[in-house]
Structures are given as structure tokens and as C-alpha cells.
Amino acid sequence: MNQHRHLYPPPRQRRSPWRALAAGLAFALAAPLAGATAAVPAPELSAAQALAAAPMSSKSTADHSKFKELQGPFASGSEVTKVCLSCHTEAGKQVMGTRHWTWEYTNPDTGQKLGKKTMLNSFCIGDRSNEAFCQACHIGYGWKDKTFDFHNESKVDCLACHNSGGYKKPPGMAGEVPTERTELPPGSGKFIDPVDLAMVAQHVGKTRTANCGTCHYNGGGGDGVKHGDLDSSLNKASKELDVHLASKAGGGAGFTCATCHQSDGHQIAGSRISMTASDPHGPMLRGDTVHAGRNAATCQSCHGDKPHKQPSLSVELLNNHTNKLACQSCHIPEFARGGVATKMSWDWSTAGRLTPEGKPIQKKDEHGHVIYDSKKGDFKLAENVVPEYLWFNGTVNYTTQDMKIDPTQVVKINSFMGSPDDPKARIWPVKRFQGQQPYDKVHLQLLVPHTAVPDDTAFWFNFDWNKALQTGATATGQPYSGQHGFVKTEMRWPITHMVAPSKNAVACASCHTGATKSRLGSLPGVYLPARDSQPWIDRLGWLAVVGALGGVLVHSIARIVTRRRSTTGGH
């Protein structure tokens, strides 16, 4: 398939409305579609001071800054949680029943036991043995190893989702909050400042996009690395970047993440593990029990499955596309288009190269993107990426660590299921990520390396693959033969954010063109005028057109001649 990847935005091609209309009309008339950083000078105002000085714009009936219990000081995040739960008595129990807390989930479609706790990926590979680093993004405090108490309500982190700023949980502290100036990692010469927990607690509120983004933007090791359609540019999105998240003042809808990913008892709608690929119903009336069981985080839940309101012919033309196309396929022309590059490949096999003096290496391209790091290997990044497209019915199968692999083939970390004849399937845009990661040559299983927590077996600190893989195997309960290699892997990520204005939707001619240029390439199961043609059918068609025109011409000439004769005979 033609991937159309490029590092910079291509010149916007002029779109011919007549060409687009012709292609669309043909489409309608055709057969149905089958970590811590170095200390920097402090800003003029600290985050806590800025919070204190900011005007209170919340419509909440409670001003938390006036609560005596929140005046502090607090020695830990858990102390804040205990105060929160003294009023919000059921919140802790609710949170502990969510995937955000357990990092475990049984996929109802496949029965697979998944979740961040056990899943593999092609980025940092896995969190087991690396908990103290990775769990900075857990909504809890103190998950540093398998002894973490998932039943202790005081370990729930209320502030992670409800802070209004000035709150940070750095990697390496097992999700704890620094309450004093701390060198991290120890001996590195890099320091982090303490968090004023009292000030943060006094300014809690509804979840903001930036709260969700703190973790979801930075999955895979950095801003925009993993998803491609989620990065920090969405915090202040323009209308052109995302019509939903852009502010109303900027011409957008003024949404936050929670507008679509609605919660009920802290259970949040939407999941990339068990997705809704198609929702052929009208828009949902929130709270209406008729729609019980539907996913509130789909395009159709708001817009319905026939969303296009245009002149009569165009209504059917565009709405008929929804029978086989996901909304995102037309309305997200490219991803990673907010100025933040996303990783497209990661090769762990090259990690560990050092200078002659034994020092780690880091290389950047001309745009400042890291393209090699001794800790992680080689990367390829891109911006303004045209997605790839596939048939998807909402079911995703994952390769887990206990499965046997074939190292002579590309290992698919996840597989999107669906086919042209599946009524639940739609053509979806995806990011295809390519990796190369360690596996056991004897047991033929993927391996999770111990990398990030400083000790004498962590790869980032000793660059010894055997020690790192043995420790990771022990932590995951898997055998390690002592013989490892690197296998090519592939992982797909659904593209569903960064929705462009309708005027910037994918042009008809972007798909209705030759197979080498069509966005859909040679995707089977769909007939596309201008992409799919048979020369002999085209010749017959043109012969029929010429014949019809010839017949009309002969008929017209005959009428003219006979009319003249009739007129002459009458005189």
C-alpha cells in the first residue's frame, strides 16, 4: 500500500470540484460498496503561585481553597487522598474497579487477559520489572513491584485527574509525588522540585484535556511517540488541528477529553482493546436507557450514522459512504500534524552502542528529534502522516508473552480483525508501527527487558542484554534460555483524534484515482470508480456512449430532413 509518509506538510494540492463531484457521483451510482530533567531556572511565578493568583472560573458549588482539611501541609499524596475520601466516600472504591487502576482487562471479544500490566508493545515493550519507572502514569501511589496493595483506597491518586496545574509525578518514583527537592535518578546531577500538595488540592476541578494528556500523550516514552493522534499540541488545538478540542473562541467545539469519553462512576467510555468499529444508529440522547450498552465515545453517538446534511443528491452520496467507511477515514486526513513528530519505527537491536570512552550516545536529526539513543536504539519519526487503511470490525487480537512466535516472519503484536463481507467492519485509518525487539531463540517467545529502574541488571545502566532479559523474564514468570535475538514486529494503532474541519476532509479524488495513488491502494472488497476499472468494460462503455450520441445525431438529422420535405410538400 502506498504509505504517503513525509516529514513535512506537502503543498496542498488544488482540488477540482468537478473532478470530485464526478468521482462522487460515480461512487453513488456504482454497485454498493462491498523522565526527570536537569534543573532549570525557576519561572517568575511558580506553578503553585500561578494557581493561587488565577481567578476562580469554575461553576462548582464548592470552593476547595476554603476547606480547612485541605490547608495542609501534606507529607504525601496519600494524605491528600484520605481527605478527599472523607467527603467523596465512594470515589476510591469506584476508581479501584476501573482499568485505569487495575491495568488488567479481559477482552470480552476474545477472552484474552490484557491491560498494561501484562500486554506487550513495540515501544518500551513491557512494564514488569520496570514498575517504579512506568507507573508514574498509574492513578495510584507507590506501585514499585508486585507487592503493591490494590485494595488500599489511600493509594488512589485523585489529583492526577483533577488537578488544575502544578502537579507532576516523575518517572522513577513509583507514582509518588516529590515533596522535597530530589535528585533523580540518584547521582545523576538532575533535580526535580517538590509539589505543593496543599495548593494543588485546593484547586481541584473537572478533568482537563491536559490531565488526560499527561499520560496518554506520553505513552511509549515521549510526547506523541505512540499513538500519532495524541500529543501535547491538542492542549491548545487550533480548529484546523481538531475541531472538537479547539476552543470556542478559536472556532472549535470547546470539548475536553471527558466530553466524548464520558464517565459513570469513574468508568470511562472508550477502549483501544475492545473498540466499537461501527455504530449504525442515530445519535444518542444521554441518559436514555434505549441506548444502554452503546459506546458514548464514538462519532455516531453524537452525529448518528447519517450525519451529512446537504442538497438531496449529496445527502445520499455522502451518507452511503458510512455503510463501509469509518468517519475517521475521511475526516482525519493526516495524523501527527500539530507540530509534534510521532515514532514510526523503533529498532532495539542497535541499542547499546557506546563511545570509545564507554559513554552512551544520542543522535538527533536537523529538527532536534532523537533518532538514536544507546539506551533504546534507532528511531524513525514523521509528521503529517497519511494513515494506512484496513477493514476493522472492532475485535483486536494480541500476541502475549506466553505465545510461540515464528522469528522468520514479522510478528504482529496486535491484529485488527475484519473483512469486506463482515457487516460490523468498516474501513479504518491506522498508524502502522514497525519494531525490532528481543525474543528467546530457544523458547521462541518475546521477552520483556528490565531497563529503567537503576540497578546492576537494568539495561539503561549497564547495557548488558543477558542480565536485563533474565531479570525481565523472572519478573514476568517466563523462562529465559540465555540465548536471545531480535525479531521484526508490527503494531497498529487506530487513528481517531485530530478531526479536521469538513472543508479539509479527504478529497474524493484522493481515493478515486489510480491504485498507485489512491489512499486505499489495493484494499480489497470495495469498488472504487477511477481506481477499479476493466479496459474492455471502459471500451464497451465508450462505444455505448458514441453509439447513443450517433443515434441521437442520426435521429435529429432524419427529423430535420423529413420536416423539410413535409413542409415543401404542403406548398
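# A helical span, paired strands and two cores

In this predicted model, residues 540–561 are 100% helix and 0% strand, and the C-alpha atoms at the two ends of this span lie 31 Å apart. An unreviewed UniProt entry annotates residues 540–561 as a "transmembrane region", a label that comes from that record.

## Strands that pair

A series of antiparallel pairings links strands 7 to 10, and these can be followed one strand at a time. Strand 8, which comprises residues 362–364, pairs with strand 9 in the antiparallel sense over three bridges, and within this pairing Lys363 stands opposite Tyr372 of strand 9. The hairpin of strand 8 and strand 9 has five residues between the strands, and in this hairpin Gly368 takes a positive phi near 85 degrees.

Strand 9, residues 370–373, also pairs with strand 10 in the antiparallel sense, here over two bridges. Tyr372 has Asp378 as its bridge partner in strand 10, so that Tyr372 takes part in the pairing with Asp378 as well as standing opposite Lys363. A hairpin of three residues joins strand 9 to strand 10. Strand 10, residues 377–382, runs antiparallel to strand 7, residues 342–347, and five bridges join the two; in this pairing Ser345 has Lys380 of strand 10 as its bridge partner.

## The nonpolar cores

Which residues have the most contacts inside the largest nonpolar core? This core has 44 residues, and those with the most contacts inside it are Trp348, Phe392, Tyr398, Leu446 and Phe459. At least two residues of the core come from each of strand 10, strand 11 (388–392), strand 12 (396–398), strand 15 (426–440), helix 14 (459–462), helix 15 (465–476) and strand 17 (484–494). Tyr398, when residues up to four places away in sequence are not counted, touches Gln112, Leu114, Met119, Arg272, Ile273, Met403, Ile413, Asn414 and Met491. Apart from the largest core lies another core, of 16 residues, and among them are Leu70, Cys158, Ala160 and Tyr167.

## Helix 15 and helix 9

Helix 15 offers a simple check on length, because its twelve residues, at 1.5 Å a residue, should span 16 Å, and its end C-alpha atoms are indeed 16 Å apart, which agrees. The buried residues of helix 15 are Trp465, Ala468, Leu469, Gly472, Ala473 and Thr476. These buried residues lie on the same side of helix 15, because they cover an arc of only 130 degrees around the axis. What do the buried residues of helix 15 pack against? Their partners are strand 15, helix 14 and strand 17.

In helix 9, residues 209–216, the buried residues are Thr209, Asn211 and Gly213, and the buried residues of helix 9 pack against helix 7 (159–162) and helix 10 (257–260).

## Backbone details in the loops

Most residues other than glycine have a negative phi, and most peptide bonds are trans. The table gives four places that can be read against this background.

| Place | Backbone value |
|---|---|
| Gly72 to Pro73 | cis peptide bond, omega about 0 degrees |
| Leu184 to Pro185 | cis peptide bond, omega near -10 degrees |
| Trp103 | positive phi, near 55 degrees |
| Phe463 | positive phi, near 55 degrees |

Pro73 has its place in the loop between helix 2 (47–53) and helix 3 (77–87), while Pro185 lies in the loop between strand 3 (182–183) and strand 4 (191–192). Trp103 is found in the loop between helix 5 (99–102) and strand 1 (105–106), and Phe463 has its place in the loop between helix 14 and helix 15.

Is Trp103 buried or exposed? Trp103 counts as buried because its relative accessibility is 8%, and the cut-off for this term is under 20%. Phe463, at 18% relative accessibility, therefore counts as buried too.

How values were computed
Residues are numbered from 1 along each chain as its sequence is written. This is a predicted model: local features need pLDDT of at least 70, side-chain atom pairs count only at pLDDT 80 or more; totals for chains, interfaces and linings use all residues. Side-chain values use heavy atoms; hydrogens and water are left out. Two strands pair if DSSP finds at least two bridges between them. Helices (H or I, at least four residues) and strands (E, at least two) are DSSP runs, numbered from the N terminus. UniProt positions are given in the numbering used here, feature names are shortened, and annotations may be inferred rather than shown by experiment. A nonpolar core is a set of buried Ala, Val, Leu, Ile, Met, Phe, Trp, Tyr and Cys residues joined through side-chain atoms within 4.5 Å. Buried means under 20% relative accessible area, exposed over 50%, partly exposed in between (1.4 Å probe, protein chains only). Contact means heavy atoms within 4.5 Å. The expected span of a helix is 1.5 Å times one less than its number of residues. The arc is that of the directions from the helix axis to the C-beta atoms.
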